[in-house]
Amino acid sequence: MPELFAYTDGACSGNPGPGGWGALLQARDGDAVVKERELHGGEADTTNNRMELLAAIAALEALERPAGITIVTDSAYVKNGVTGWIHGWKRNGWKTSSNKPVKNEDLWRRLDTAQARHRVTWQWVKGHAGHPENERADELARAGMKPFK
């Protein structure tokens, strides 16, 4: 049975500024790609962190039924947030440990809901380091930003 992967990335021209997100979804059987889908979008005035979050959200929301999936991101913010920080934020009523409102709470809540349907493994990769699928996700994010530049 093929394994599902989503390679996600966000981009911003200025921070804040016009931004884009991209997600490359792949069903793989070993090293062979069995099926592939590209997603991208953007916003006129946003931040890089919001675009990174939206890429992961879009990948999960694109799945039609519950599935096991590995999300590969170059965003430590997304990976650390969703695998660690979010638990404390939810316990604290969406406040940080210093009792401040969580930035991007709307998207963190949406990501939390989107991943609840699935068995998600989160994996971090170094960005712009020659990882082919991460580079493609970056290209998609830049394509998503293009209409807003």
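Let me begin with a definition, since one residue later on depends on it: a residue counts as buried when its relative accessible area is under 20%, and as exposed when that value is over 50%. What I am showing you is a predicted model, so please hear everything that follows as a description of that model.

I will start with the sheet. Five strands form an open sheet, and reading across it the order is E3-E2-E1-E4-E5, with mixed pairing. At the edges are strand E3, residues 32-46, and strand E5, residues 119-124, each of which pairs on one side only. Direction ignored, neighbouring strands of this sheet are turned by 20° against each other on average.

Now to E1, which covers residues 3-12 and pairs with strand E4, residues 68-73, in the parallel sense over five bridges. With E2, by contrast, E1 runs antiparallel, and 10 bridges join the two. E1 and E2 form a hairpin with four residues between them, and in that turn glycine 14 has a positive phi of about 90°.

Which residues stand across from leucine 4 in E2 and in E4? In E2, leucine 4 stands opposite alanine 27, while in E4 its bridge partner is isoleucine 69. Further along the pairing with E4, threonine 8 has threonine 73 as its bridge partner. As for how covered this strand is, seven of the 10 residues of E1 are buried, so that E1 is mostly covered.

Turning to the helices that lie across the sheet, helix H2, residues 76-91, lies across E4 and E5 and runs at about 140° to E5. Helix H4, residues 132-145, lies across E1, E2 and E3, where E2 comprises residues 17-29, and H4 runs at about 140° to E2.

That brings me to leucine 54, which lies in helix H1, residues 48-61. Is leucine 54 buried or exposed? Its relative accessible area is 9%, and because the cut-off for buried is under 20%, leucine 54 is buried. Leaving aside residues up to four places away in sequence, leucine 54 touches Trp21, Glu43, Leu107 and Arg110. Leucine 54 can also be related to threonine 8, the residue I mentioned in connection with threonine 73: leucine 54 and threonine 8 are 46 residues apart in sequence, and from C-alpha to C-alpha they are 9.0 Å apart in space.

Definitions and conventions. Residues are numbered from 1 along each chain as its sequence is written. This is a predicted model: local features need pLDDT of at least 70, side-chain atom pairs count only at pLDDT 80 or more; totals for chains, interfaces and linings use all residues. Side-chain values use heavy atoms; hydrogens and water are left out. Two strands pair if DSSP finds at least two bridges between them. Axes are lines fitted to C-alpha atoms, for helices over the stretch in contact, and angles run from 0 to 180 degrees between N-to-C directions. Contact means heavy atoms within 4.5 Å. Buried means under 20% relative accessible area, exposed over 50%, partly exposed in between (1.4 Å probe, protein chains only).
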